[in-house]
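Reader: Before I set anything up with this chain, could we go through its strand pairing and its core together?

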Amino acid sequence: VLSGGHQVSLNLRGDARESKTKNISTTVLGFPFGSKGNPAFGTSYDMINKVPGYTDNVSRSGSGLASGNYSWKNRFLADASLRYDVSTSFGANKSDHTFWSLGAGWNLHNEPFMQALPFINRLKLFINTGTNSNQSYTNLGSTAVYSYADLYNVAMGQALELGYMGNPDLRWPITQNTNMGFDLSLFKSRLNATVNYFRKYTKDMVIPITLPPSTGYSSYMTNMGGMENTGVEVTARVTPWADVNRRASWTIHLNGIFQNSKFTGLGNSLSQENSKFATDSVLATQFRRYMDGHSQFDIWSVRSLGIDPGSGREVYLKLNGDRTFIYDQNDIVKVGSTRPTVEGIVGTSFMYEGFSFSVNFRYRLGGQAINDALFAKVEDIDANDVKYNVDRRALYDRWQRAGDIADYRGFGEIGRNEVQTYISSRFVQKENTFTGESVSVGYEFSKSEWIKKLGLSNLRINAYMNEFVRWSTIQVERGTQYPFTRSGSLSVNASF
């Protein structure tokens, strides 16, 4: 602490790490009955079809950090840091990088002119920015790995083959985070709120690029493009009633986040990947695109105008505005986004002496989702499939005769007029959900006389349940592979 209310702190730190992992694998044959696969009871090794395997991985990293903080009368705040990192997770030519951060804050509630507003307990303005990265990449992204070829031999000895194509110029993906906003507390902390604007921009993303089969390798790690994520997060907590003597309070809390993301700097470098996604039959990738100005959450498909009442065939909308019965992947456009406009949690909690109760709801508003249940259990079936597990809409909401206004094609049109059923924008629906995320109730018997007679100093009972209710604008079948999980618990805690 310096004179005049100035306070300065400095910090220096450094570390170095090394991680080694080794793995040896063999295949053992000839186990007697009842040995349960114990390797000690094997009679031989499989040396023809499975040679022993061995891996030896070494990773190293080091860092140095210098940081400082400044405060003046707890009114003006500032901090800065500088960090140097080096890691074998990235290319030998780009293994190190320097990161930095700057931040400032202003405690307005400590200013003399704010004393005339006693209902303001806290009002702080803040802004900070800085860069960081992560090392969650294996050394295989930057290092070429060779192994002895067991099928090829040359006159000078056994041959080597390149098992993984490394990138010695693989750089650190750099993320710059910027935050600004304010913290507010009013009426003896009965009302608390935080508003935070954020921007997260990542450049030199590490992306696996698919290589042609002629190269002999499936993918290659490289740096390409960036991603920008911006938004506003609002958090509020209100305590309408509180009684300290009775250990009683009632609190309402709300959290909401509005955010958008987009790719930048990609250009046409991933056009081959986008073309592969257009023909991919896997639902998880069929609607993905890497394009500047768009997000990884965007849904891409051919626009549908519905089922033609006269023929029962699906009508598609081409890029030039024409109508057609023919599905063309060149007409694929953005038809929605799985990211909601706003999402968050709202809830309340109540306490009165030994009794406690809390409930929280999660909401998602403004997004879309691909209803693959409509595709798999309603549309893409024939008349023979109705005797199996299908959606009831497969029988009552499909086209049957000329003039029907229906959502789904008739049985006779599937496989006859079109080669296959395509997932168009007809299967993309608005998804607004409101979920009961958790509810809990409990009681503490610490002041009861019978507790003392039992030799206990405290006894508490709690009951908890999650996912207890769910409302949604979209009806999606979950089935047995990924059902909605509802669970509850009851606990008793006793202290002697």
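Author: A definition comes first: two strands pair if DSSP finds at least two bridges between them. The model discussed here is a predicted one, and its chain holds 5 helices and 24 strands.

Reader: Which residue is the bridge partner of Glu233 in strand 15?

Author: Strand 14, residues 226-243, and strand 15, residues 248-264, run antiparallel and are joined by 16 bridges. Within this pairing, the residue of strand 15 that serves as the bridge partner of Glu233 is Ile257.

Reader: In the hairpin of strand 14 and strand 15, which residue takes a positive phi?

Author: The hairpin leaves 4 residues between its two strands. The positive phi, near 50°, belongs to Arg247.

Reader: How many bridges join strand 15 to strand 20?

Author: Strand 20 covers residues 342-352 and runs antiparallel to strand 15. One residue pair that shows this is Asn255, whose bridge partner in strand 20 is Ile345. The number of bridges that join strand 15 to strand 20 is 9.

Reader: Which helix gives the most to the largest nonpolar core?

Author: The largest nonpolar core has 9 residues, among them Leu374, Phe375, Val378, Ile381 and Val390. With 3 residues, the helix that gives the most to this core, spanning residues 372-379, is helix 3.

Reader: What share of the residues in the chain is buried?

Author: Buried here means under 20% relative accessible area, and the chain counts 496 residues. The share of those residues that is buried is 34%.

Technical notes
Residues are numbered from 1 along each chain as its sequence is written. This is a predicted model: local features need pLDDT of at least 70, side-chain atom pairs count only at pLDDT 80 or more; totals for chains, interfaces and linings use all residues. Side-chain values use heavy atoms; hydrogens and water are left out. A nonpolar core is a set of buried Ala, Val, Leu, Ile, Met, Phe, Trp, Tyr and Cys residues joined through side-chain atoms within 4.5 Å. Buried means under 20% relative accessible area, exposed over 50%, partly exposed in between (1.4 Å probe, protein chains only).
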